[in-house]
Amino acid sequence: MSALNKIARTMVSNRRGILAADESIGTMSSRLEQVGVEPTEENRRVYRELIVTTPRLADSISGVILADETFRQKLSDGRTFPQYLDDIGVLAGIKVDTGAKPLAGAPGEKVTEGLDGLRERVAEYVRLGATFAKWRAVITIGENTPTDRAVRANVHALARYAGLCQEGGLVPIVEPEVLMDGAHSLTRCREVTTFVLQVLFAELDVMEVELDGIVLKPNMVVAGADSPEQPSVEEVARATVETLRATVPESVPGIAFLSGGQRPEVATAHLGAMQSLDPLPWELTYSFGRALVGPALETWRGDNSKWTAAQDALSERAVANAAAR
Ligand code: 5MM
């Protein structure tokens, strides 16, 4: 078993999943403002300390994805976040993309950037304690989107990112997110997700990325958030698993879903329903952001007398997801 494969397996096995706490400074700041907390560097640090020091986190969380700012910050006891995670038996991951930017010639569509200097940044993050990385591409469903060029530009960047990570010793989480925004049907989401994953795995093959040393982080196949016809939990589970079976090679050790704006309980129910389908060739787990930390942030709201209650809210979601899988 290669070193990358061993890390990837640790990320997705033993009924654990991955916590996405890598909101960029802009996203984290607006989430704090939404709950009445001033978006300072220190408040972002304190909030992340609340999250990672949740008791028994390691029972249900195998790895935490951090943003660059958090990766270099320290907990109140002086340990860096990666050091602390290592001490509690949780892998530290780093988001290495620099965000989705407008794609030339494709109105409304974006391409994720961050390849410049990535080899050197990977080397630094490895020195600082990272074992895996994350890069998220966003694909929009609309009347005339996604365009072929938006999909191809994004999977090309994902594949080059994955290759650079593996060269430097990090397991790449490969995240092609087909957004839930819009009124499209489940069938349309399935078509788009199928196309994106087909083109993605063809590109990973071109770049000779070792598939047993990645973790795929896709969207579930759902209807658009504004669609009048919302499928049942079983329909989502079946459509998602069928889409993955048709596109994801069996050598991929694990698939860790993003939640994408689904309500926390709904995302958990979908994950649970998938496990009861026929035996699956890969581990199926979670790499949720909002569906794990949303209730904790809503509970805390910057009030440290709610610290324990907020950690309980995170524990509840983490334990429920671990049970679901
Ligand atoms: C935690 O949010 C991540 C970073 O987002 P920005 O770079 O836009 O600030 C995000 O990539 C996240 O990891 C995924 O979207 C999964 O999170 P959800 O909330 O969809 O499960």
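**Exercise 1. The sheet**

Work out in what order the strands of the open sheet are arranged, and which strands stand at its edges.

*Solution.* Start with the rules: helices (H or I, at least four residues) and strands (E, at least two) are DSSP runs, numbered from the N terminus. Two strands pair if DSSP finds at least two bridges between them. In this predicted model, local features need pLDDT of at least 70 and side-chain atom pairs count only at pLDDT 80 or more, while totals for chains, interfaces and linings use all residues. Residues are numbered from 1 along each chain as its sequence is written.

Step 1: the open sheet has 8 strands in the order 1-2-3-6-7-8-9-10, with parallel pairing.
Step 2: strand 1 (17–21) and strand 10 (283–286) are at the edges; each has a single partner strand, so one side of each is left without a neighbour in the sheet.
Step 3: look at one pair at the strand 1 end. Strand 1 and strand 2 (residues 61–66) run parallel and are joined by 5 bridges, and L19 sits opposite V64 in strand 2.
Step 4: now take another pair. Strand 8 (residues 215–216) and strand 9 (residues 254–257) are parallel and share 2 bridges; L216 has I255 of strand 9 as its bridge partner.

**Exercise 2. An edge strand and its surroundings**

Decide how many residues of strand 1 are buried.

*Solution.* Step 1: apply the cut-offs. A residue is buried if 20 or more other C-beta atoms lie within 10 Å of its own, exposed if 12 or fewer, and partly exposed in between, with C-beta atoms placed from the backbone.
Step 2: in strand 1, 5 of the 5 residues are buried, so the strand is largely enclosed by the rest of the structure.

**Exercise 3. Two helices, each with a buried side**

Find which residues of helix 9 are buried and which are exposed on the other side, then do the corresponding analysis for helix 7.

*Solution.* Step 1: check the length of helix 9 (residues 186–206). The expected span of a helix is 1.5 Å times one less than its number of residues. For the 21 residues of helix 9 that gives 30 Å, and the end C-alpha atoms are 30 Å apart, which agrees.
Step 2: list the buried residues of helix 9: C189, V192, T193, V196, L197, L200, F201, E203 and L204. Seen down the axis, they fall within an arc of 160°, so they line one face of helix 9. The arc is that of the directions from the helix axis to the C-beta atoms.
Step 3: turn helix 9 around, and T187, A202, D205 and V206 are exposed on the other side.
Step 4: ask what covers the buried residues. For helix 9 the cover includes strand 6 (132–139), helix 8 (148–168), strand 7 (171–178) and helix 10 (233–247). Two residues are in contact if their C-beta atoms, placed from the backbone, lie within 7 Å.
Step 5: move to helix 7 (residues 118–128), where L118, V122 and Y125 are buried. These cover an arc of only 65° around the axis, which puts them on the same side of helix 7. The face turned away from that buried side carries the exposed residues R119, E120 and R127. Strand 3 (91–95) and helix 8 are included in what covers the buried residues of helix 7.

**Exercise 4. Backbone angles in the loops**

Which residues follow helix 9 and helix 7 with a positive phi, and where is a cis peptide bond found?

*Solution.* Step 1: E208 follows helix 9 with a positive phi near 55°. E208 lies in the loop between helix 9 and strand 8, and E208 is exposed, with 10 other C-beta atoms within 10 Å.
Step 2: just after helix 7, G129 has a positive phi of about 115°.
Step 3: the peptide bond from T145 to P146 is cis, with omega near 5°. P146 is in the loop between strand 6 and helix 8.

**Exercise 5. F288 and the ligand**

Is F288 buried or exposed, and which residues are closest to the ligand?

*Solution.* Step 1: F288 is in the loop between strand 10 and helix 12 (290–300). F288 has 26 C-beta neighbours inside 10 Å and therefore counts as buried.
Step 2: leaving out residues up to four places away in sequence, F288 touches A20, L258, S259 and A267.
Step 3: the ligand is surrounded by 15 residues, and the closest are A20, T27, S259, G289 and R290. A residue is near a molecule or strand if its C-beta atom, placed from the backbone, lies within 6 Å of it.
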